[in-house]
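Here are some notes to read with the structure open. I've gone chain by chain where I could, so you can click along.

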Amino acid sequence: MSEGIETLDTFPKLLMHHARVRGDAPAIREKDLGIWQTWTWREFADEVRFLACGLAAAGLKPGDHLALIGANRPRIYSGIAAAQCLGAIPVPLYQDAVAAEMAFPLRNAEVGFAIVEDQEQVDKLLEILPQCPSLKHIYYDDTRGLRHYKHAELESYDALLSRGRESYRRDPAFLESEMAKGRGSDTAALFFTSGTTAAPKGVVLTYTNLIERSKVVADWEKITDKDVVLAFMPPAWIGQNIFSYAQPLVAGYCICCPESAETVTTDMREIGPTYYFAPPRVFEALLTQVSVRMDDAAAPKKWLYHHFMGVARRVGERIMEGKPVGFFQRFQYWLGDLLVYGPLRNVLGMSRIRIAYTGGEAIGPDLFVFYRSIGVNLKQLYGSTETSVFVSIQPNDRVKPDTVGPAVPGVELKFTPQRELLIRSPGIFKEYYKNPQATMEAKDAEGWFHTGDAGYIDADGHLKIIDRAKDVGALKDGTLFAPKYLENKLKFFPYVKEAVCFGDQRDKVCAFINIDMEAVANWAEKRNLAYSGYVDLASRDEVYALVRECVEKVNADLAQEKEIANSQIRRFLILHKELDADDEELTRTRKVRRRFIGEKYAPLVAALYDGSQTVHIEAQVRYEDGRTGKISADLKIADARAFPPAAAMRAA
Amino acid sequence: MNFFIEVFVGGLLAGVMYSLVALGFVIIFKASGVFNFAQGSLVFFAALTFVSLLERGWNIWLALAVTLVAMVVLGMLIERTVLRPLVNQPPITLLMATIGLTFVLEGVSQLMWGSQPHGLELGIPDVPIEWLSDKWNINVSQFDLFAAFVAGVLVAVLAVLTQKTRIGRALRAVADDHQAALAVGIPLQHIWAIVWAVAGFVALVAGLMWGVRNGVQYALTFTALKALPVLILGGFESIAGAIVGGLIIGASEKLAEVYLGPYVGGGIESWFAYVVALLFLLVRPEGLFGEKIIDRV
Amino acid sequence: MLYREAGQFKSTYAQDQQIFPILQDRIGMAVLLVIAFVAVPLFGDQYWLSAILTPFLVLALATLGLNILTGYAGQLSLGTAAFMAVGAFMAYNAMLRIPHMPILGAFAIGGLCAAAVGLVFGLPSLRIKGLYLAVATLACQFFVLWAINRIGWFSNHSSSGVITAQRMEILGYPIDTPAAKYLLTLSVVAVMALAAKNLMRSETGHAFMAVRDMDVAASVIGIPMMKTKLLAFAISSFYCGVAGAMYAFCYLGTVEPEAFVLDLSFRVLFMMIIGGAGSILGSFLGAGFITLFPIFLNLASKSLENALGIELSHALVSNTEAVIFGALIIFFLIVEPYGLARLWQIGKEKLRLWPFPH
Amino acid sequence: MDRGRPVGEVLLSVEGVSLAFGGVKALNGVSFDVYQHEVRAIIGPNGAGKSSMLNVLNGVYHPNQGTIRFRGEEFRDMDSHHAAKLGIARTFQNIALFKGMTVLDNVMTGRNLKIRCTFLEQALWLGRARREELEHRHAVEEIIDFLEIQHIRKTPVGRLPYGLQKRVELARALAAEPVMLLLDEPMAGMNLEEKQDMCRFILDVNDHYGTTIVLIEHDMGVVMDISDRVVVLDYGRKIADGTPTEVRGDQKVIDAYLGVAHA
């Protein structure tokens, strides 16, 4: 990159820079009308110039807010850039939110202008217009169905653009001077975090925040203008926005917008991105698709697939990380790459991927290892809106599935005594919009951001996130107790559907287990194990043995981790019923309500800790038709082997 | 004038021979919509089998019976292996399948019986009827007359079969509307098997006649192709049409050969029938007795 | 499996509409062309060049012609051999009667004359369909052959009707070796196949297929029935005519009218069915199959003879061949009505999706 | 109805049209007219002559009596090719797509009247042929986008479910940029959701392209929602003509639909 880039401290300046140095290179591609329509950097810059002039003529002033609502479309991104040219602040909103959810951010930020994708979004905005008196101008991209809308606020993007073009022709200098006024410390954008409980908070990020972080990571990962990204997550999500707006403007690479949500898979295959980011559920859905489709294959092909996937599991990752592998294994992997992995990467559209990130949620080791073993360089990263995403990333040659890697250059990490992770970096946000109270709580005087996540740095210097800080407790001996971390580890086994771990302020960790009826029933069938129903199956010794194996594998894992080696699960029982949101045991989003369950099943918890071998339970259950009934059963309690810290051998 | 009548009558009678082949086409087309290009090969197969059995010293009636059985079996076999798997395919596909069948049948017959030509005698001499030639000086072959008689009987039998018997009624129902026939419980495949068996029988009769006339040889399959213009004239679905068409083609072809041939170098018999049919098609695409088709949209 | 397409995206319609949109196919085609144009003439022996490859190419062109009419436009024709005969005899006459006639010009004249005959016999297609039309084309077959036989002008009054192809020369280079004839044939066939592909992927081809698939709908959206059908006949006959001319000039050298009997029409029809109706690739696959099959059968019978120590009669072998051909046709019509081309396509689709089954 | 373009002058007028097959009178002196930019429905019970009427309008059948005026010109013996040239497109009750082609090719075929280059140019893929092909591809893609069938663009039509095939047929008809679009039971055999989609598309087409639409439909309910005026046929005769509200209340229409015996 040229030295000049250091003085390019805002996105508009970066954009004009790219239009100068790589004007004919593609900036954005969009699958539209059957082909990948391409905007070069010059065209993109021109569109932004005209649009900015149009917006300025319509009255958008520095400091004003411009909302952008739509899927990944070039015009959403040009809207963001145009606002920034004028010193106004873009506010991307989730396009799949319902109208009511949009009202708060629009009111909160006193949004006066909006650029939206189509009729659907227009309808939503019109619906909440009375609640958002500040909103005066709505520009829509796709005119379809909007011909007869007579609202004064509405205008088409094209009309705005053509007026902007006129005005730019008349006075091109105006825009240049506006752009020159921008400073790195200015607000670049306002991202609203989805508040599950409280109202959403607007995170104010400056140009410096976003540009500095993007640049550091681009340099660190050697991202260049030759890279290609497929943008298919909502642009209002910082996780998408940083990869499809901030970083491309820093590194000069091309982003591609799929035709529609249904065609993402095909579009991904056509484009073949080199740089990829998706939350774990996307990778999970892809893997499921692979398994389902492979299930339909003929026997020889299935055998081939399973055989070579076995090879990949054994040596794939080691080969990718350049570790020593025997010649024969290497040959087998090469063969597998020819017959299975290569074609598989190809059909998934991952042939050209150099770097793939995932993050935001816990990812199962099996899932993670699958992609890495077939040669997709999948890595976890850690970050949030408030940190401009990049906090830590797994390095290419030292990926540990259960950590999120060491801190990215420029990031300082420390922990509170309660194990909460604190972060200081140039990417830390400026403030929560119009919410000094929240800002003060999240960001202290020295600039440390309180993440609310609990974790620690492991022996290799990798950051490990184990739970939300407020859920983390401690055993009596002071060992860190992270129930969700343990439960997640258990849930990564197909046979375990839910798990609830107890241990805060106790001497050891015990667990309730819910078996996954489908998986266990399948397993039982293969062993010719007859059973009469869920309760019966759950109480079988064989099933207990199966679950114990899972628990002990978790324990063996835990033994490797010095900090939490003592929180191995000593005793467990398999619940007589499935935890159910109707019984208030789970939240509607299927999160375990640990405290409620602990109180509801107090006798069971007591039995886990008093050493008894069985416990009798009588419980009210509510059937699907609303009636209630009683279940009474004797539940067995099983002990699980624990392993000495760090010296443990593999349980399997 | 006498000469004209002689040519004309000769042509008519030769036409009867075409009709005999055409009948086989019509029967199959009526019932199953299949344009059986292999009918000529069936004729060849029947004649060759019969004559080969005779030459091996079989009794004529036994040979006839065995050939008949063979033809019926062959017909049903074709229905089972070729046509049934192709049910509901477009007519052109079926036609092409029967062209393939032609090759199979011709190959098989020659593999079985060799490819040398045979003469065939049924005891009816192919000589002019004496009193006719004596009295009016018109030469009409005795055998041709016999052939006409056989054709008449055949048509009569077929008519009775289709009009009076239960199978015949079912057959007509199938010909009218396959779906409807199925709906009222007529076993389609059963009917088709019968139809192909009958077609085999008709082929045998035609084969005998042609064998006597021209000898049993490979060229028979080409002669049998003459049935195609006959069909175009008469319509694919009409038994009466097959007869009338045959007569027209036979007569016009002979007359053309005699009166027109010398001006264009002769040998026009090879194509005249087709061109007549073609010209006729341009005027009346549905044939003499065919029904006008209305394209429903 | 061999297809690694990720990252092959199209950013213009021109890219998207090209004949081989997949890079691997383009490479494969280029390799094939290099082999056909360079390796084969360099290393192929005389027998292969003149007795197998040249007739294969000529018949592939004829099949392509029939495919345009029958496979694409849905008009069954049994008169292919007649159009070929017109092409052969008219090319001969062009060479004979027009001084300094270039050989390619003679081929073109042969093709154009065949197209004219095709137009005449295509006229009935305006009024009649399907089976009736097949009979009309049969009329063409018999009439044309008769005319060539009887009218002395066609064979320059040679007593037996046999003609001997004139010496060929292009820009002063004599075309007299098997390799040269092969190359000439290959070039003509390659260019005409490309033209056919272009035609079939543009409006004309779409109109043909529309007429084939649903003629009422075709006319309702404005496709002129008469023009389209006649065009199909003319183009198809042109291809057959050129094929016929090359059959005489590049393959046989000396031809009698009987070379173009109904059996040849059937042979070409079989090539189309086995190769795949409505596919340009299929024309080549079908022609290749039917050209190579007798050779394979011959080898098989030879080795059978050696193994059993007997001699199989020629009749036995040729009859067996007929039976097998006939049976194959029926088999293909039942099992894979779109022929080898469809099998190829399915296989390719499988490779593109590998390791997924669908 | 809220419309972008006002309903204009008379585009098509049918006067005293009769049509008979053999002895059966399919149509008996039917007269009505269609305004520009109107959605005009022809309804009636089974066998009322709706399809025959549509077939007369685009020249598939020739009426025995009566005249048809389209854009002021009178036609007695118009064939369907001519109708297409005048800008009349249609869809069929039993989908009449070209089964051997992809969706894209089917819709491309709909533009055949707009192709100017000759077959020779196409064979050689010369400048004009190439340019036209690409231009039309662009236009066709707009229609594909409009009817939301992008995801099946390269699928052979035979593999598509019924509802989508209907949409592809509409796309093919639209590709000709018709002045008047005849729809033959566009919603027959669809489930409720598909019917709603189809209604939306019909109205969008009418609105966006300004196409005059004449549709026949068996199901009265759907038609009433989207049409401006309705003609009701029964046994080949017109028994009512007017706005949906007027027609709905007409005693003769109610009788016809309830199957009251004819005098």
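**Notes on the four chains**

1. Start with who touches whom. Chain A and chain B make no contact, and their nearest C-alpha atoms sit 27 Å apart. Of the five pairs of chains that do touch, B and C share the most contacts. Keep in mind that this is a predicted model.

2. Where do α4(B) and α11(C) come together? Helix α4 (residues 91-113) of chain B and helix α11 (residues 262-275) of chain C have axes that come within 11 Å and cross at roughly 120°. That angle falls just outside the 65 to 115 degree range for roughly perpendicular, so α4(B) is oblique to α11(C). The crossing of α4(B) past α11(C) is left-handed.

3. Now the residues at that crossing. On the α4(B) side they are Met96(B), Ile99(B), Gly100(B) and Phe103(B), and they meet Asp263(C), Phe266(C), Leu269(C), Phe270(C), Met272(C) and Ile273(C) of α11(C). By class, that contact has eight nonpolar residues, one polar and one charged. As background for the spacing, an α-helix has 3.6 residues a turn, so residues three or four places apart point the same way.

4. Another B–C spot worth a click is Pro285(B), in the segment after α14 of chain B. Buried or exposed? Its relative accessibility is 15%, so Pro285(B) counts as buried, the cut-off being under 20%. Setting aside residues up to four places away in sequence, Pro285(B) touches Arg127(C), Ile128(C) and Tyr132(C). Within its own chain, Pro285(B) is 50 residues from Gly235(B) in sequence, yet the two C-alpha atoms are 9.1 Å apart.

5. Staying in chain B, have a look at helix α12 (residues 239-259). With 21 residues, α12(B) reaches 30 Å from first C-alpha to last, close to the 30 Å expected at 1.5 Å a residue. Its buried residues include Gly241(B), Gly245(B), Gly246(B) and Gly250(B), and also Glu253(B) and Glu257(B). The buried residues of α12(B) pack against α1 (2-32), α6 (142-164), α11 (227-234), α13 (261-264) and α14 (269-283) of chain B.

6. Over to chain A and helix α5 (residues 119-128). Gln121(A), Val122(A), Lys124(A), Leu125(A), Leu126(A) and Ile128(A) are buried there. What they pack against is a mix of helix and strands of chain A: α4 (99-108), plus β3 (65-69), β5 (113-116), β6 (137-140) and β7 (154-156).

7. If you're thinking about charges, check Glu561(A), in the loop between α19 (541-559) and β25 (569-574) of chain A. Glu561(A) counts as buried because its relative accessibility is 9%. Beyond neighbours within four places in sequence, Glu561(A) is in contact with Lys464(A) and Lys489(A), as well as Asp402(A), Tyr456(A) and Tyr485(A).

8. Chain D offers two loop residues. Trp125(D) lies between α4 (119-124) and α5 (127-146) of chain D, and at 15% relative accessibility Trp125(D) counts as buried. Leaving out neighbours within four places in sequence, Trp125(D) is in contact with Asn198(C), Arg201(C) and Ser202(C) from chain C, and with Arg130(D) and Glu133(D) from chain D.

9. Gly47(D) is the other one, in the loop between β3 (39-43) and α1 (50-57) of chain D. Gly47(D) is exposed, with a relative accessible area of 66%. From Gly47(D) to Asp234(D) is 187 residues in sequence but 7.7 Å in space, C-alpha to C-alpha.

Key. Residues numbered from 1 in each chain as written. Chains lettered and ligands numbered in written order. Predicted model: local features only at pLDDT ≥ 70, side-chain atom pairs only at ≥ 80, totals over all residues. Heavy atoms only, no water. Helix = DSSP H or I, 4+ residues; strand = E, 2+ residues; numbered from the N terminus. Expected span 1.5 Å × (residues − 1). Buried < 20%, exposed > 50% of the residue type's maximum accessible area, 1.4 Å probe, protein only. Contact = heavy atoms within 4.5 Å. Axes fitted to C-alpha atoms, helices over the stretch in contact; angles between N-to-C directions. Parallel < 35°, antiparallel > 145°, perpendicular 65-115°, else oblique. Left-handed = near helix turned anticlockwise from the far one by under 90°. Nonpolar A, V, L, I, M, F, W, Y, C, P; charged D, E, K, R; others polar.
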